[in-house]
Structure formats: C-alpha cells, structure tokens
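Q: Please take me through one part of this model in close-up. Keep it brisk, and tell me what each term means as you go.

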Amino acid sequence: MMDDYGDMLLRTANLLLRDRQSAEEAVQDTYIQAYAKMNQLQEPERLKAWLIRIVVNRCRMKQRTWSWSNIFPSGDAELQASDDAGFTAGAEELFMVEWHNVRLAESIRSLAYVYRECLTLYYFHEMSIREISEQLNTPENTIKSRLARGRTLLKKIVEKEGHFL
C-alpha cells in the first residue's frame, strides 16, 4: 500500500533536498518510521498526509545534518518528467514539457529550504495553506509569507534565466 506513494515521496524529498541520494535516504527513513509507528495512524484515509509529514520532517533533519555530500554533491539534477502531458502530444511537445519540468524543478531547488518546502507542498501536493500550517506546525501567516516570497524569488530566477514564457 505504501509503495503507491513512493514516487510522490521521492519527488518531494528530491525537491526539498536537491540531492537524489539524500532524497532516497529520506524516503527509506520515512518508510521505516511509518512502519514502526503504523499503529499511531488514527485515520487510515490520512495516510498520504501522514507520509508527507514524515518525509518533510526527515528532509528537515537531513538539511540540518552535515554530510560529505555537501562537499561532493552527486550532481543529479534530473527529475522525471510529469506524465500529465498525455499520450496525444508529439515527441517534440513531450520534450518541451519535460524540459520545462526539469527547469522548474532546478529553479525551485535553488531557493532556500523554507521556500522550497512551502512551494512543494502547495503546488505539487495541492495542500491548502491551513494544511501546510498544520503539517509544518507553523502559523498560517508565516506560510502565506513564505509562499509569496518564494513565488517572487522563483519568478526572478525564471525571468533571469529565461526558462519559460
């Protein structure tokens, strides 16, 4: 049942940590912690939110921990392209969608952690500000500020690098 969420958790961790290996470790840690504490899940229909909370916490812990990977990053900046492009699009259109997804992910990864965290939960997981506030145990106004500041910074990066539009 948890394997259904594997791609979602990996993408979240990859966006937050900016390193594929660290992201995979965070997801593995998430599964271990979820398995060990499965009896604490009061509402099974909230499994997705519970797993996201665990992976975000694991990413926060990894962000605080010094690692050799900070000196020798893996350089893995690729994200899998979204399958949302559909099957009717031509090869060139699919390539452009993938290119834009990778460019957007790279731009998000260049932001400070607090902005990556809020933007990822808001846009990629479609969580409300209230849900993010509960998830991160942070006031709603702080979440709103981080989203606004993150969007402003992201817009500047995108405009500067000319990735889109």
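A: The close look below is at helix α3 and its partners.

First, the ground rules. The model is predicted, so local features need pLDDT of at least 70 and side-chain atom pairs pLDDT 80 or more, while totals for chains, interfaces and linings use all residues. Numbering starts from 1 along each chain as its sequence is written, and side-chain values use heavy atoms, without hydrogens or water.

Now the setting. The chain has seven helices and zero strands. Here helices (H or I, at least four residues) and strands (E, at least two) are DSSP runs, numbered from the N terminus. Of the 165 residues, 36% are buried. Buried means under 20% relative accessible area, exposed over 50%, and partly exposed in between, with a 1.4 Å probe and protein chains only.

Next, the core. The largest nonpolar core holds 36 residues. Such a core is a set of buried Ala, Val, Leu, Ile, Met, Phe, Trp, Tyr and Cys residues joined through side-chain atoms within 4.5 Å. Among the residues with the most contacts inside this core are Trp50, Val55, Val56 and Cys59. The helices that each supply at least two core residues include α2 (20-36), α3 (47-64) and α5 (113-124). Helix α3 gives the largest share, eight residues.

Take Val55 for detail. Leaving aside residues up to four places away in sequence, Val55 touches Leu9, Thr12, Ala13, Ala26, Val27 and Thr30. A contact here means heavy atoms within 4.5 Å. Ala13 is also one of the residues with the most contacts inside the core.

Then the charged pairs. The whole structure has three salt bridges. That term requires a side-chain nitrogen of Lys or Arg within 4 Å of a carboxyl oxygen of Asp or Glu.

One of them joins Arg58 to Asp29, at 3.4 Å from N to O. Arg58 sits in helix α3 and Asp29 in helix α2, 29 residues apart, so this pair links distant parts of the chain. Asp29 is partly exposed, at 24% relative accessibility.

Another joins Arg60 to Glu117, at 2.9 Å from N to O. This pair also links distant parts of the chain: Arg60 is in helix α3 and Glu117 in helix α5, 57 residues apart. Glu117 is buried, with a relative accessible area of 1%.

In short, helix α3 supplies eight residues to the core. It also carries Arg58, paired with Asp29 of helix α2, and Arg60, paired with Glu117 of helix α5.
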